[in-house]
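Reader: I am new to this structure and would be grateful for a close look at a single part of it. Please choose one element, describe what surrounds it, and explain each term as it arises.

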Amino acid sequence: MKNVKAAIEQCRKALESCPHDAGTVSVMCTLCLGDGTLFAWDVAYCKFLSVDCPRCDQAKDNDVPEVCPCLEHFSKEIIEHAIEGKEDSYPSLSQAVSWIRPPDKLGTTLNGAAAEEQLQKLRAWAEEHKEITIPHPKAALILDLIDHGMIAFATVPGTGLVLRAKSAKEEFSRFIADLNRSYKHDDSTILTMLCFAYGVVSWKFDPVELHR
Ligand SMILES: [Zn+2]
Ligand SMILES: [Zn+2]
């Protein structure tokens, strides 16, 4: 309980000193990937329907508020407690928090020399593979995030070494806009990369799996 209280206090402090838009950044929508529409399966009529994205209703250019880098390492519950009773002062943050997807197992973060060693290996792999497909989307994303210091490693029991993105939502939006200018990937590939860049999933540091 003490830890929870301390975390809520830390979250409030982080919010006070946040240089972003009151705890949010304006980035690509995780639901419709900026399209503004979603496909839904109509069970009664057995056909796909195109529906307006519930998140992008009043959004400008399909940018939606997501929890900013200052707060993204706090859980949904902690952020909710931190702004309890002050939701009116943080309308975008309240909205962003309501759409938080629970991340997968986070494991133990690697630091210092151990992290640096893995970063070198990962860079070597990504450099080698970035242009096998045009471009290899995961490798290109990984390189971009390494260049911005936005990759962390962790060891997860039962899985092994994983990499994950940190504070990378805005960079991902820039990256994907750049990439889309030269090569438009399919939605499932973009969603795969988005989930990684937004910190929802980690990727196992396994050359075979990274190649998929
Ligand atoms: Zn911030
Ligand atoms: Zn949307």
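**Helix 6 and its surroundings**

Author: Strand 1 (residues 24–28) and strand 4 run antiparallel and are joined by 5 bridges; strands count as paired if DSSP finds at least two bridges between them. The model is a predicted one, in which local features need pLDDT of at least 70 and side-chain atom pairs count only at pLDDT 80 or more, while totals for chains, interfaces and linings use all residues. Residues are numbered from 1 along each chain as its sequence is written, and chains are lettered from A and ligands numbered from 1 in the order in which they are written. Helices (H or I, at least four residues) and strands (E, at least two) are DSSP runs, numbered from the N terminus.

Within this pair, Ser-26 of strand 1 has Pro-65 of strand 4 as its bridge partner. Strand 4 comprises residues 63–67, and 4 of its 5 residues are buried. A residue is buried if 20 or more other C-beta atoms, placed from the backbone, lie within 10 Å of its own, exposed if 12 or fewer do, and partly exposed in between.

Both strands help to cover helix 6: what lies over the buried residues of this helix includes strand 1, strand 4, helix 5 (137–147) and helix 7 (187–197). Helix 6 itself has 14 residues (169–182), which at 1.5 Å a residue should span 20 Å, and its end C-alpha atoms are 21 Å apart, which agrees. The expected span is 1.5 Å times one less than the number of residues.

Buried in helix 6 are Lys-169, Phe-172, Phe-175 and Ile-176. They cover an arc of only 110° around the axis and therefore lie on the same side of helix 6; the arc is that of the directions from the helix axis to the C-beta atoms. An α-helix has 3.6 residues a turn, so residues three or four places apart point the same way. The face of helix 6 turned away from the buried side carries the exposed residues Arg-174, Ala-177, Asp-178, Arg-181 and Ser-182.

The wider setting is a division of the chain into domain 1 (2–98) and domain 2 (108–210), with bounds from an automatic or database domain assignment. The contact between them takes 8 residues from domain 1 and 11 residues from domain 2, residues being in contact if their C-beta atoms, placed from the backbone, lie within 7 Å. Strand 1 gives the most to the side of domain 1 that touches domain 2, with 3 residues.

Key. Two residues are in contact if their C-beta atoms, placed from the backbone, lie within 7 Å.
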